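Please read this briefing beside the sequence and the three-dimensional view. The points below are grouped by topic.

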Amino acid sequence: MWTPSQPSRSKRPGFVLVAVLLSVTLLVTGALAFAWFARMELRKASALAFSLQARSLAETAVHEIQRGLVLDTNDADSLLEPWFGAWPLPIGEDFSVVVRLTPQNGALPVNALFLPDGSTLRTELEKPWERLWEKVRRPELAAGLLDFLDADRTPRAGGTEEDSFINRPPAAIDEIRLFPGIDENLLTGNNEKYPVGLERFLTVRSDGKINVNVAVPEVLELLDETLTPAVVREIVEKRRKEPLSGWGDLAGLPGFPQGLQPRVSGLLSFTSSHFLADIEVRKGNLVRRFEAVLLKRSGRCTVVAWKEM
Ligand SMILES: [Ca+2]
Ligand SMILES: [Ca+2]
């Protein structure tokens, strides 16, 4: 006799088991996802906390550097002095803070080319400016860049004035890239056409003077025709041994050209007005870097530029 077929009872526990397993899997996946999310959030929060702590430590370091620079009142800013170069700042056990401080004023002051009228090129810079453009083999740019930077709107001989010109001293060296004819290659160098770029010869970190203790040798060669590579080598050798703190230190050099001092005394100095502080803050494998440009003037030291890398 046929009996009506009953739904198999043995399949139901299997179904329940699958359902339970599925929901357990879902729960576990959810829990894992939540744990991962929580861990990521925690990591983000601790990275943010580190970033804030690092900035605060860097600011403290800069404050200490400012105080130290004001106390440095000798007649030379040289890399041989112990406060320049890299040194660790003692701050707790968790963090390491390393400061690298370097005197600037090492190149031609592109932010201080003119007399106070904003248009007349300083006499002592006339020849160096010409020599610079000969050196980079772009003499046709010399007058135009002066027009790009000078306050007036009258083209000088060989120059041009355009609406896009900034007509003021640049705040950063990159700004001269806005002048037509200066491209990335000419600015940065290190390429076949321009092995040495304008960045090496020009700076905005200057009060108008070039510190002979840190000046780029190729820049010294531009300053006067008697500053030949051989004489510049003598200067570089001498400053490697001791800080140069006055004309007396240079006049003693065997090859030192007679009559040079009056020609370049408006351009050369033995101290710096600007300093670059590079600060690295580290905690475990977290690292942040900061750069501050400091200006020292009349017994005060102020931060004129600040960058988080
Ligand atoms: Ca102009
Ligand atoms: Ca002009």
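What follows goes through the sheet, the calcium site, the salt bridges and a surface patch.

This is a predicted model, in which local features need pLDDT of at least 70 and side-chain atom pairs count only at pLDDT 80 or more, while totals for chains, interfaces and linings use all residues. Residues are numbered from 1 along each chain as its sequence is written, chains are lettered from A and ligands numbered from 1 in the order in which they are written, and side-chain values use heavy atoms, with hydrogens and water left out. An open sheet of 5 strands has antiparallel pairing, and a search of the whole structure finds 17 salt bridges.

**The sheet**

- The strands follow the order β1-β2-β7-β8-β9 across the open sheet, where helices (H or I, at least four residues) and strands (E, at least two) are DSSP runs numbered from the N terminus, and two strands pair if DSSP finds at least two bridges between them.
- The edges are taken by β1 (85-89) and β9, each of which has a single partner strand, so one side of each is left without a neighbour in the sheet.
- On average, neighbouring strands of this sheet are turned by 25° against each other, direction ignored, with axes being lines fitted to C-alpha atoms (for helices over the stretch in contact) and angles running from 0 to 180 degrees between N-to-C directions.
- Strand β2 (residues 96-103) runs antiparallel to β1 and is joined to it by 5 bridges, and V98 in β2 is the residue that P88 stands opposite.
- Strand β7 (residues 274-283) pairs with β8 in the antiparallel sense over 10 bridges, and A277 stands opposite A292 in β8.
- A hairpin with 2 residues between the strands is formed by β7 and β8, and G284 in its turn has a positive phi of about 60°.
- Strand β8 (residues 286-297) also pairs with strand β9 (residues 300-308), in the antiparallel sense and over 8 bridges; within this pairing E291 has K307 as its bridge partner, and V293 has A305.
- The strands β8 and β9 likewise form a hairpin with 2 residues between them, where S298 in the turn has a positive phi of about 45°.

**The calcium site**

- The calcium ion (ligand 1) has protein donors from D147 (O), D150 (O and OD), D152 (O), E161 (OE, listed twice) and N167 (OD1), lying 2.2 to 2.7 Å from it; donors are N, O and S atoms within 2.8 Å of the metal (3.2 Å for Na, K and Ca), and water is not among the atoms, so sites may look incomplete.
- Along the sequence, the donor residues of this ion are spaced D-x2-D-x1-D-x8-E-x5-N.
- The calcium ion (ligand 2) is 3.9 Å from the calcium ion (ligand 1), and D147 coordinates both.
- Among the donors, D152 is partly exposed at 23% relative accessibility, whereas N167 is buried at 10%; buried means under 20% relative accessible area, exposed over 50%, and partly exposed in between (1.4 Å probe, protein chains only).

**Salt bridges**

- Side chains of opposite charge can pair when their charged atoms come close.
- In helix α1, K44 and E41 lie 3 residues apart, about one turn of the helix, and their side chains meet in a salt bridge (3.3 Å, N to O), a term for a side-chain nitrogen of Lys or Arg within 4 Å of a carboxyl oxygen of Asp or Glu.
- Of these two residues, K44 is exposed at 55% relative accessibility, and E41 is partly exposed at 34%.
- The side chains of D224 and R263 meet in a salt bridge (2.7 Å, N to O).
- This pair links distant parts of the chain, 39 residues apart, with D224 in the loop between α6 (217-223) and α7 (229-241) and R263 in helix α9 (residues 260-264).
- Here D224 is buried at 7% relative accessibility, while R263 is partly exposed at 41%.
- Another salt bridge brings together the side chains of E184 and R177 (2.8 Å, N to O), with E184 partly exposed at 41% and R177 partly exposed at 34%.
- A network of salt bridges links R55, R288 and E308.

**A nonpolar surface patch**

- Together F15, V16, V20, V24, V28 and L32 form a nonpolar patch on the surface, with about 550 Å² of accessible area.
- Such patches are made of residues with over 30% relative accessible area and no salt bridge, like charges being joined within 9 Å and nonpolar side chains (Val, Leu, Ile, Met, Phe, Trp, Tyr) within 5 Å, and accessible areas come from the Shrake-Rupley method with a 1.4 Å probe, only the protein chains shown counting as cover for residues.
- One of the patch residues, V16, is found in helix α1 (residues 11-71) and is partly exposed at 43% relative accessibility.
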